[in-house]
Amino acid sequence: SYLDSKGITNATKHPNGFFYSIQEAGAAGKPTVCSTVSVVYRGKLVDDTQFDSNTAGTSFTLGGLVKGWQLGLPLIGTGGKITLYIPPSLGYGSSGSGSIPGNSNLIFDIQVLSISN
């Protein structure tokens with residue numbers, strides 16, 4: 001319903017239950033859960049409250065991130081840009097995390113700068 005209320009029509013439903021919108025596909029090589037990804041990103045709640053961002057670039061092991069990122073980032077390669085619309089079941093669940101309340105739908109704008117396996 002969030003996508004409809006915002007007039008977002010270009011989001012695709014993934015079989016695992018989240019939505020995504022690819023702005024740029026990036027290079028052919030895609031990350032796996034064992035990859036280290038360098039990204040810039042912005043995370044917000046559906047009310048547009050930003051809870052996290054990194055515009056300088058930061059690196060993570062994909063397997064250590066929420067399930068929505070683990071499933072969504074392999075859809076793009078280096079240089080790719082994606083927006084992930086992640087339900088609580090693929091995010092922080094009923095417990096939340098830090099300033100993220102439990103049962104929150106999350107929105108991430110992500111650009112992959114590099115991937116190392």
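Here is a short conversation about the strands and cores of this predicted model.

Biologist: Welcome me in: what should I know about how this model is numbered and filtered?
Modeller: Residues are numbered from 1 along each chain as its sequence is written, and side-chain values use heavy atoms, with hydrogens and water left out. As the model is predicted, local features need pLDDT of at least 70, side-chain atom pairs count only at pLDDT 80 or more, and totals for chains, interfaces and linings use all residues.

Biologist: In what order do the 6 strands of the open sheet stand?
Modeller: Strands here are DSSP runs (E, at least two residues; helices are H or I, at least four), numbered from the N terminus. Two strands pair if DSSP finds at least two bridges between them. The pairing in this open sheet is antiparallel, and the order is S1-S2-S5-S6-S3-S4.

Biologist: Which strands stand at the edges, and why is one side of each left without a neighbour?
Modeller: Each edge strand has a single partner strand, so one side of it has no neighbour in the sheet. The two are S1 (12-13) and S4.

Biologist: How many residues of strand S3 are buried?
Modeller: Buried means under 20% relative accessible area, exposed over 50%, and partly exposed in between (1.4 Å probe, protein chains only). S3 covers residues 36-45 and is largely enclosed by the rest of the structure, because its count of buried residues is 8 of the 10.

Biologist: How many bridges join S3 to S6?
Modeller: On its other pairing, S3 runs antiparallel to S4 (residues 50-61) with 8 bridges, and Arg42 stands opposite Ser53 there. Towards S6 (residues 106-116), Val39 stands opposite Val112 and Leu45 stands opposite Leu106. S3 and S6 also run antiparallel, and the number of bridges is 10.

Biologist: Which residue in the turn between S3 and S4 has a positive phi?
Modeller: S3 and S4 form a hairpin with 4 residues between them. The phi in question is about 75°, and the residue is Asp48.

Biologist: Which elements give two or more residues to the largest nonpolar core?
Modeller: A nonpolar core is a set of buried Ala, Val, Leu, Ile, Met, Phe, Trp, Tyr and Cys residues joined through side-chain atoms within 4.5 Å. The largest has 23 residues, and Val39, Trp69 and Phe108 are among those with the most contacts inside it. The contributing elements are S3, helix H2 (67-72), S5 and S6.

Biologist: Which residues does Trp69 touch, leaving out those up to four places away in sequence?
Modeller: Contact means heavy atoms within 4.5 Å. By that rule, Trp69 touches Val39, Tyr41, Phe60, Leu62, Pro74, Leu84, Ile86, Phe108 and Ile110.
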